[in-house]
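Reader: I've got the model open on my screen. Can you walk me through the labels and what backs each of them up?

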Amino acid sequence: MKFVIQRVSHASVTVEQEIVGSIQKGFLVLIGVNNSDTEGIADKMLHKLLNLRIFEDENGKTNLSLKDVNGGLLLVSQFTLYADCKKGNRPSFVKAGSPEHAEQLYEYMKHSCKKEGYPVECGIFGAHMKIELENDGPFTIVLDSDELM
């Protein structure tokens, strides 16, 4: 599983000229799933995500978590995080999870974050989406379950 986490001042996702998800201060999280990922792996990734202390405190130090700043989450499924560009110039996506498996884990993660009390907005799984964001920092972190487990 891979997360690309961007600390944002605001972000939104649009499908067919309609905004389907929007947050102010918080995290835009692009989520890539492969077939070996499980709910257990998702739980560990979400624990790390939700406890990252990357917002500035009153002294300008990155010391506050998403909960500390009442931040929101904008979750977007993105199979292209598993692009394999080793051969040729056209990426292969064979390492990405099947749509059924990826959607099941994506829904699980959305529900888990909501259950923890976080404001959660989302893209639409499998849709062509346009994302607008203001990256605050810029501050971008990549989490890969292969490196965290």
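Reader: Why is asparagine 70 called exposed?
Author: Asparagine 70 has 69% relative accessibility, and exposed means over 50% relative accessible area (buried is under 20%, partly exposed in between; 1.4 Å probe, protein chains only), so asparagine 70 counts as exposed. Keep in mind that this is a predicted model, where local features need pLDDT of at least 70 and side-chain atom pairs count only at pLDDT 80 or more, while totals for chains, interfaces and linings use all residues. Residues are numbered from 1 along each chain as its sequence is written, and side-chain values use heavy atoms, leaving out hydrogens and water.

Reader: What makes the phi of asparagine 70 worth a look?
Author: Asparagine 70 isn't a glycine, yet its phi is positive, about 55 degrees. Most residues other than glycine have a negative phi.

Reader: And why does glutamine 17 count as exposed?
Author: Glutamine 17 comes out at 79% relative accessibility, so it is exposed. Glutamine 17 also has a positive phi, about 65 degrees, without being a glycine.

Reader: Why is asparagine 51 called partly exposed?
Author: Its relative accessible area is 44%, so asparagine 51 is partly exposed.

Reader: How do you know that the peptide bond from glycine 137 to proline 138 is cis?
Author: Omega for the bond from glycine 137 to proline 138 is near -5 degrees, and the bond is cis. Most peptide bonds are trans.
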